[in-house]
2 protein chains.
Amino acid sequence: MNQTRERDVYEAIADPTRRELIHLLSDEEEFPLHALMGHFPMGRTAVSKHLTVLKEAKLVSDRRVGRETRYRLNPAPLKQVQDWLSYYEKFWQGKIATLNRLLEE
Amino acid sequence: MNQTRERDVYEAIADPTRRELIHLLSDEEEFPLHALMGHFPMGRTAVSKHLTVLKEAKLVSDRRVGRETRYRLNPAPLKQVQDWLSYYEKFWQGKIATLNRLLEE
DNA sequence: TTGACAAGACACCATTTGGTGTCATATTGT
DNA sequence: ACAATATGACACCAAATGGTGTCTTGTCAA
């Protein structure tokens, strides 16, 4: 798991385990792997791989603290998805709400 | 390609070809397969498979017209993704903009 | 009626994905 | 010093993914 591939943010959020990881990390704290592990019905190695995918998409960063590796969320790449979605927003929102949104930007 | 699986909308939008298909179909018209084909560097079968995935995620519907199958976008499932993202919006937007958004709903 | 066109159905293939288990190594607490 | 902890690094595996090509069937147009 050495080579740092580039990874698409859309791929990164395609897996439900990874979305759950994002959610767990979203309270601005950082968590070591073993703390995250308990939330999933799979082994440590699998969770670690999912975190690697999130790292490749730059959705999480990690730092070594003692014998543990602490992970932290970086939500910025999610904005790309939201921007993509905003184009289709008009289909399910009223036109006035859409206009509001456009004016905000 | 008979059996209609259930398919996650997050999986459906994970592939760039499928996102491009969604974009092509987004002007409310319907397009037959052979018209969509020309936009991609792959064969008919591959594009057809991607459309099947989009159908499984209920992002497109299709109807037979003469000898062609016409595809139409159904953007509704994308709202699920936007709702999921809205939770993380606060990280890159000012709090006031977020409040605005909450008030709209 | 015959030939060209559009698409479905299917077999096939290489690569990726999402898991497993095991071994090695660094760190901590007693 | 030593045992337990936390993790990395691999090798391995089944199934899914994203392509290909071919054969068949239905439809349209000359």
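Before looking at helix pairs, I noted how the angles work: axes are lines fitted to C-alpha atoms, for helices over the stretch in contact, and angles run from 0 to 180 degrees between N-to-C directions. I also kept in mind that this is a predicted model.

**Entry: α5 against α5**

I started with helix α5 of each chain, residues 78–86 in both chain A and chain B. Their axes come within 10 Å and cross at roughly 140°. Roughly parallel needs an angle under 35 degrees, roughly antiparallel one over 145, and roughly perpendicular one from 65 to 115, with the rest oblique. That makes α5(A) oblique to α5(B). I looked up the hand of the crossing of α5(A) and α5(B) too, and it is left-handed.

Next I listed who touches whom. From α5(A) I have L78(A), V81(A), Q82(A) and L85(A), and from α5(B) I have L78(B), V81(B), Q82(B) and L85(B). Sorted by class, the residues of this α5(A)–α5(B) contact are 6 nonpolar and 2 polar, with no charged ones.

**Entry: the whole interface**

Then I zoomed out to the chains. The contact between them takes 19 residues from chain A and 19 residues from chain B. On the chain B side, I found that α1 (9–12), α5 and α6 (95–104) each supply at least two residues. The largest share of that side comes from α5(B), with 5 residues. By class, the side of chain B that touches chain A splits into 12 nonpolar, 3 polar and 4 charged residues.

Do the copies meet through the same surface or different ones? I checked the overlap: 100% of the interface residues of chain B are also interface residues in chain A, so the copies meet through the same surface.

**Entry: symmetry**

What rotation puts chain B on chain A? I get 180°, with 0.0 Å of shift along the axis and an RMSD of 0.0 Å. The two copies are thus related as by a two-fold rotation axis.

**Entry: inside chain A**

I turned to the domains of chain A. The assignment gives domain 1 as 1–74 and domain 2 as 77–105. Between them, 5 residues of domain 1 of chain A are in contact with 4 residues of domain 2 of chain A. I sorted the domain 1 side of that contact and got 4 nonpolar, no polar and 1 charged.

I also looked at a helix pair in chain A: α2 (residues 16–24) and α4 (residues 44–56). Their axes come within 10 Å and cross at roughly 75°. Since 65 to 115 degrees counts as roughly perpendicular, that makes α2(A) roughly perpendicular to α4(A). In this contact α2(A) uses T17(A), R18(A) and L21(A), while α4(A) brings H50(A), L51(A), V53(A) and L54(A). The class tally for the α2(A)–α4(A) contact is 4 nonpolar, 2 polar and 1 charged.

**Entry: the matching pair in chain B**

I repeated the lookup for α2 (residues 16–24) and α4 (residues 44–56) of chain B, where the axes come within 10 Å and cross at roughly 75°. That makes α2(B) roughly perpendicular to α4(B). I noted T17(B), R18(B) and L21(B) on α2(B), facing H50(B), L51(B), V53(B) and L54(B) on α4(B) in the contact. The α2(B)–α4(B) contact has 4 nonpolar, 2 polar and 1 charged residues.

Technical notes. Residues are numbered from 1 along each chain as its sequence is written. Chains are lettered from A and ligands numbered from 1 in the order in which they are written. This is a predicted model: local features need pLDDT of at least 70, side-chain atom pairs count only at pLDDT 80 or more; totals for chains, interfaces and linings use all residues. Helices (H or I, at least four residues) and strands (E, at least two) are DSSP runs, numbered from the N terminus. A crossing is left-handed if the near helix is turned anticlockwise from the far one by less than a right angle, and right-handed if clockwise. Two residues are in contact if their C-beta atoms, placed from the backbone, lie within 7 Å. Ala, Val, Leu, Ile, Met, Phe, Trp, Tyr, Cys and Pro count as nonpolar, Asp, Glu, Lys and Arg as charged, and the others, Gly among them, as polar. Domain bounds come from an automatic or database domain assignment. Copies are superposed by least squares on the C-alpha atoms of residues with pLDDT of at least 70 in both.
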